[in-house]
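The following exercises invite the student to read a structure step by step. Each task is followed by a worked solution.

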Amino acid sequence: MVETATKLVVKDYKSDVKPTWCPGCGDFGVLSASLKALAELQLKKEDVVVVSGIGCSGRMTYFLTPYGMHGLHGRAIPLATGVKFANPDLTVLVMAGDGDLFSIGAGHLPHAAARNVDITVICMDNQTYGLTKAQASPTSKIGHTSKSTPHGVISEPANPVLTALSSGATFVARGYSAKPPQLQDLIVRGIQHKGFAFVHVQSPCTEFHDTFDYYNERIEQLPDDWDPSDREAAIRLALTDDREYLGLFYQTERPVYETTAREWAPINDEFDVETYLAQFA
Amino acid sequence: MGDKQLIDGSKAIAHSAALAGCRFYASYPIQPNSHLIEEMTQELAKIGGVTMNAESEGEAINMVWGAAATGNRAMCSTTVTGMSLMHEAMSEMFAAEVAYVFVHMARGQTEYRVGTRGGGHGEYRYISYAPHTVQEAADLTRLAFYTADKFRTPVMIQADYILTHTVEAMEFHDFDESDLKEKDWAIDGAKGRVPRINSFIRGTYSLGDKSAMAYGELQERAMERIAYLEENVPSLAETGHLDDADLVVISYGYVSRFAKYAVGLLREEGMKIGFVRPITMWPFPKKEVLEAAEKAKALAVFELNNGQMVDDVRLTVLGRVPVHFIGRISQDDSGFGMGKAIEIPNLTAKIRETYEQMKVPA
Ligand SMILES: Cc1ncc(C[n+]2csc(CCOP(=O)(O)OP(=O)(O)O)c2C)c(N)n1
Ligand SMILES: [Mg+2]
């Protein structure tokens with residue numbers, strides 16, 4: 001049956017719930033890029049589920065019109081995995097904060113990446129706990145002072161891109177909320193990618209930890225001749241401290257967990273008395 | 001179906017789950033729960049479902065939430081420490097109004113409260129079934145999936161170490177679910193309607209629905225749901241000898257088989273003792289317990305903990321008759337089994353003592 005195709009536009013994906021984010025918040029850039037990515041892909045609203053955690057970033061579910069789930073702090077990835085396993089036909093996006101993904105929920109990402117579940121995880125990294133008002137987060141850099149770290153952060157910051165690469169994510173990219181067209185492109189490719197896609201987004205919090213200047217000084221595009229199939233090179237680049245590279249670090253193909261798991265033939269576990277007794281004969 | 005088989009409790013639950021069309025199951029190994037994971041791996045593979053040996057209890061239960069929110073049948077299970085870990089999500093899954101089945105593979109009976117009132121935050125209750133045989137484990141699993149969907153709420157099976165490993169003759173029965181309605185709340189990708197959001201702070205609602213609830217309202221709604229469930233979910237119990245019993249022993253789950261056997265022995269000696277075996281732990285079978293309290297001089301609750309179900313019995317009879325607690329925490333050296341308290345000489349001695357004391361005129 002041929003459906004009369006009406007072209008979906010950005011407006012179709014935008015709900016009438018007004019974002020509660022502060023003026024200038026990087027998350028507006030992520031929202032805008034995500035809306036455009038959905039429109040670019042012409043995904044039907046009913047085929048998409050956006051799963052979010054808890055935080056300013058976690059509000060995302062309400063601002064988009066596709067199906068959504070708003071779960072517990074840190075648990076967006078397992079929720080999304082469950083959705084995908086139960087209904088592999090859905091396009092599943094996780095949109096969560098740095099605290100969600102790299103502190104309370106840090107145990108989940110490596111496993112989902114290793115399994116290569118076909119979901120797209122977008123980390124909205126503002127290097128702070130926005131919703132609980134400005135405590136240091138696992139991605140806060142050394143020396144960052146906050147209400148909970150008045151003497152400055154003294155622990156090594158988490159490295160989301162490195163974690164994703166080392167855990168076996170098959171698509172790893174970094175975008176910047178102040179560069180929406182590139183971010184849109186990375187989200188589009190992340191969704192198109194068959195397997196676990198991780199898009200790390202620098203999304204500064206203008207209210208509590210304004211890192212726009214910090215990034216503007218440090219961001220750099222990946223070289224034009226960058227080879228995204230070279231995992232080792234990608235890891236070396238992720239370890240660079242003084243530069244914040246943007247673009248597609250790494251992409252590879254690997255079997256997708258939920259597809260493989262559904263193709264397994266049943267194992268014959270019928271208990272046969274004759275066979276059992278034969279071993280004692 | 002209909003053929004007699006020799007299988008254990010875990011297999012009975014797993015196969016019933018598959019017959020019920022369970023599409024997804026996740027758990028994390030911990031004894032005596034691990035055997036169920038193995039059985040579920042086998043059973044779901046036969047019907048094209050997925051079993052996940054998850055990275056942790058937290059991951060497992062959240063995956064089950066995701067799967068259940070899509071409207072598919074999903075199941076989870078664990079025991080003791082895993083129970084505590086999963087309650088972060090289980091509390092919210094009641095609020096989010098997702099239907100799923102949870103198998104609590106207990107070690108003794110120290111988690112009666114957790115299995116009925118929960119161990120997390122917010123207002124919630126579990127519909128809770130406690131099978132005492134392999135046959136009943138199979139039947140109640142089917143009933144659990146049905147009830148979960150019918151009332152759109154979590155349902156728990158209270159199984160345990162002995163039931164998991166006990167092999168008995170049983171048969172799988174057909175189960176009529178034809179009155180179940182389509183899940184008009186699922187995140188199932190259906191076309192032609194406003195997409196929905198499943199949220200722990202608002203339940204499931206359609207976008208643009210201005211009446212979507214805020215957290216406080218959701219908690220009030222939870223109270224209404226609890227009252228509705230208590231009223232409408234049939235409570236089940238098995239009773240014996242209530243017509244002539246002076247003392248009624250109340251016991252649940254596998255443990256109740258020992259209690260019932262002990263009651264039988266004492267009756268042969270001429271003692272007028274009856275029993276009530278709650279099958280639904282919640283809603284608690286008040287009718288049967290009240291009936292017992294009407295005729296008997298006293299009730300005696302036997303459970304393997306420091307007295308948990310006894311609270312429900314006392315809340316039911318409200319002082320009409322004395323309610324004695326005759327159980328105790330009792331586990332074998334492994335911590336999994338049921339220990340000395342259920343050994344028949346110990347158990348009969350305990351019931352006899354209660355019966356004789358009761359007979360002494362005050
Ligand atoms: C179990 C639990 N612990 C703590 C909280 C409180 N809490 C809410 S959001 C948050 C941190 C948010 O930080 P992040 O994930 O980076 O999101 P952001 O607000 O920065 O977007 C915390 C600690 C919670 N909701 N649940
Ligand atoms: Mg943050």
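## Exercise 1: The domains of chain B

Chain B falls into two parts, domain 1 (5-170) and domain 2 (237-359). The model under study is a predicted one.

**Task.** Determine how far apart the C-alpha centres of the two domains of chain B lie, and how many residues of each domain take part in their contact.

**Solution.** Begin with the distance: 26 Å separates the C-alpha centre of domain 1 of chain B from that of domain 2 of chain B. Next, consider the contact, to which domain 1 of chain B contributes 22 residues and domain 2 of chain B contributes 24 residues. On the side of domain 1 of chain B that touches domain 2 of chain B, two or more residues come from each of α5 (112-117), β6 (127-129), β7 (155-160) and α7 (161-165) of chain B. Of these, α5(B) gives the most, with four residues. Finally, sort this side of domain 1 of chain B by residue class: nine residues are nonpolar, nine are polar and four are charged.

## Exercise 2: Where chains A and B meet

**Task.** State how many residues of each chain are in contact, and identify which element of chain A gives the most residues to the side that touches chain B.

**Solution.** First, count the residues: 37 of chain A are in contact with 38 of chain B. Second, list the elements of chain A that give two or more residues to this side, namely β2 (67-70), α4 (76-86), α6 (108-115) and α11 (257-263). Among them, α4(A) gives the most, with eight residues. Third, divide the residues on this side of chain A into classes, which yields 16 nonpolar, twelve polar and nine charged.

A further step concerns strand pairing between the chains. Strand β2(A) pairs with β9 (residues 196-199) of chain B in the parallel sense, over three bridges. Within this pairing, A:Gly68 has B:Ile197 of β9(B) as its bridge partner.

## Exercise 3: The surroundings of ligand 1

**Task.** Describe the shell around ligand 1: which residues come nearest, which element gives the most, and how do the residues divide into classes?

**Solution.** Start with the residues themselves. There are 17 around ligand 1, and those that come nearest are A:Gly55, A:Ser57, A:Gly97, A:Gly99 and A:Gly130. Then turn to the elements: α5 (98-104) and β5 (128-129) of chain A each supply at least two residues of the shell. The greatest share comes from α5(A), with three residues. To finish, classify the shell around ligand 1, which consists of five nonpolar, ten polar and two charged residues.

Technical notes: Residues numbered from 1 in each chain as written. Chains lettered and ligands numbered in written order. Predicted model: local features only at pLDDT ≥ 70, side-chain atom pairs only at ≥ 80, totals over all residues. Near = placed C-beta within 6 Å. Nonpolar A, V, L, I, M, F, W, Y, C, P; charged D, E, K, R; others polar. Contact = placed C-beta atoms within 7 Å. Pairing = 2+ DSSP bridges. Domains from an automatic or database assignment.
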